Amino acid sequence: MNQVRYFNIIIITLFLMGCETVYYNTMEKFGVQKRDILTSRVEKVRDAQVDAKDQFQSALEQFSSVVNFDGGDLEVMYKKMNGEYEDSESKAKAVNNRIKSVENVADALFAEWEGELEQYSNASLKAQSRQELIETRAHYEKLLQSMKRAAAKMNPVLTTFHDQVLFLKHNLNAKAIASLQGSLDGIKTDVSKLVSEMESAIDEANSFIQTYEAQNKKESK
């Protein structure tokens, strides 16, 4: 049974990789290169990170309002908090999926670039292209690490939010609200660190995009 499952996973992986390859080849026929797709996907990660950052801050505000509850409908408060948690979870998934799409095209781009180096007959041009590859890959690795570092900080915050939502769901009373107050400072700290990492990753993405756009302008002249 495990062998069958493993075989199925391999088949699905190869199929998805094949689909991506067909996609890249089709796009190249329309003049869209892998580096253009990479830049576009980095932009989408950046935008997803901006959305996630805003959403986690919104969830923190909602949690703060629950902790500072001063009368009203606790059921409504719970539903709002749960909605914020679900939105945060959705934004986090979007960020992680976008990062995977960036890794996919980057791997294809660098593999192609490495292979094409051997096609040069001019040693000077080959050396220049290899140096550009090294620099681009280094910049990309820095970007990827920044994106993954920020994404990793979403998980503990989501876990904490989930715990608070579950507790509130089963204990809709003032005593339960009071017991959540001790968690507020810790959540604030975690969200603050997450926002800081997100902003660093966003800045890194903007730097990568600007560098690539500058290279494209230089090559088009």
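**Close-up views of an all-helix chain**

**View 1. E197 sits in helix α6.** This is a predicted model, and the tour opens at a charged side chain. E197 has a relative accessibility of 17%, which is under the 20% cut-off, so E197 counts as buried. What does E197 touch, once its neighbours within four places in sequence are set aside? Its contacts are R149, A150 and K153.

**View 2. The whole chain, for orientation.** Step back and you'll find six helices and zero strands in the protein chain. Following the sequence from start to end, the pattern reads α-α-α-α-α-α. The protein chain has 221 residues, and 34% of them are buried. How much of the contact network joins residues at least 24 apart? Take the contacts between residues at least 6 apart in sequence, and 80% of them do. As for the outside, the accessible surface of the protein chain is about 13,200 Å², with 51% of that belonging to carbon and sulfur atoms.

**View 3. T39 in helix α2 touches residues from much later in the sequence.** Helix α2 covers residues 34-67, and T39 is part of it. Is T39 buried or exposed? With 9% relative accessibility, T39 is buried, because that value falls under 20%. Leaving out residues up to four places away in sequence, T39 is in contact with I209 and Y212. Look for F208 here as well: T39 and F208 are 169 residues apart along the chain, yet 8.0 Å separates their C-alpha atoms.

**View 4. The largest nonpolar core holds 54 residues.** Which members touch the most other members of this core? They are L38, V42, F63, M154 and F161. Helices α2, α3 (74-117), α4 (123-152), α5 and α6 each give two or more residues to this core. The top contributor is α3, with 15 residues.

**View 5. M154, one of the best-connected members of that core.** Zoom in on M154 and count out the residues up to four places away in sequence. What's left in contact with M154 is A52, F56, A92, V95, N96, L194 and M198.

**View 6. Q164 is a buried residue in helix α5.** Why does Q164 count as buried? Its relative accessibility is 10%, and buried means under 20%, so Q164 qualifies. Beyond residues up to four places away in sequence, Q164 touches F63, L180, S183 and I187. Two of these names turn up in other views: F63 is among the core members that touch the most others, and I187 is part of the lining of the largest cavity.

**View 7. The structure holds one cavity of 30 Å³ or more.** The space inside the largest cavity comes to about 30 Å³. Which residues line it? The lining is V157, T160, F161, I187, D190 and V191. Helices α5 (154-170) and α6 (174-220) are the elements that give two or more residues to this lining. Sorted by class, the lining has four nonpolar, one polar and one charged residues. F161 links this view back to the core, where F161 is also among the members that touch the most others.

Key:
Residues numbered from 1 in each chain as written. Predicted model: local features only at pLDDT ≥ 70, side-chain atom pairs only at ≥ 80, totals over all residues. Heavy atoms only, no water. Helix = DSSP H or I, 4+ residues; strand = E, 2+ residues; numbered from the N terminus. Buried < 20%, exposed > 50% of the residue type's maximum accessible area, 1.4 Å probe, protein only. Contact = heavy atoms within 4.5 Å. Areas by Shrake-Rupley, 256 points an atom, 1.4 Å probe, with all protein chains shown as cover. 1 Å grid on protein atoms, 1.4 Å probe; cavity = no way out; pocket = protein on both sides within 12 Å on 5 of 7 lines; lining within 4 Å. Points joined across faces, edges and corners; volume = space filled by probe spheres on them. Nonpolar A, V, L, I, M, F, W, Y, C, P; charged D, E, K, R; others polar. Core = buried A, V, L, I, M, F, W, Y, C linked by side-chain atoms within 4.5 Å.
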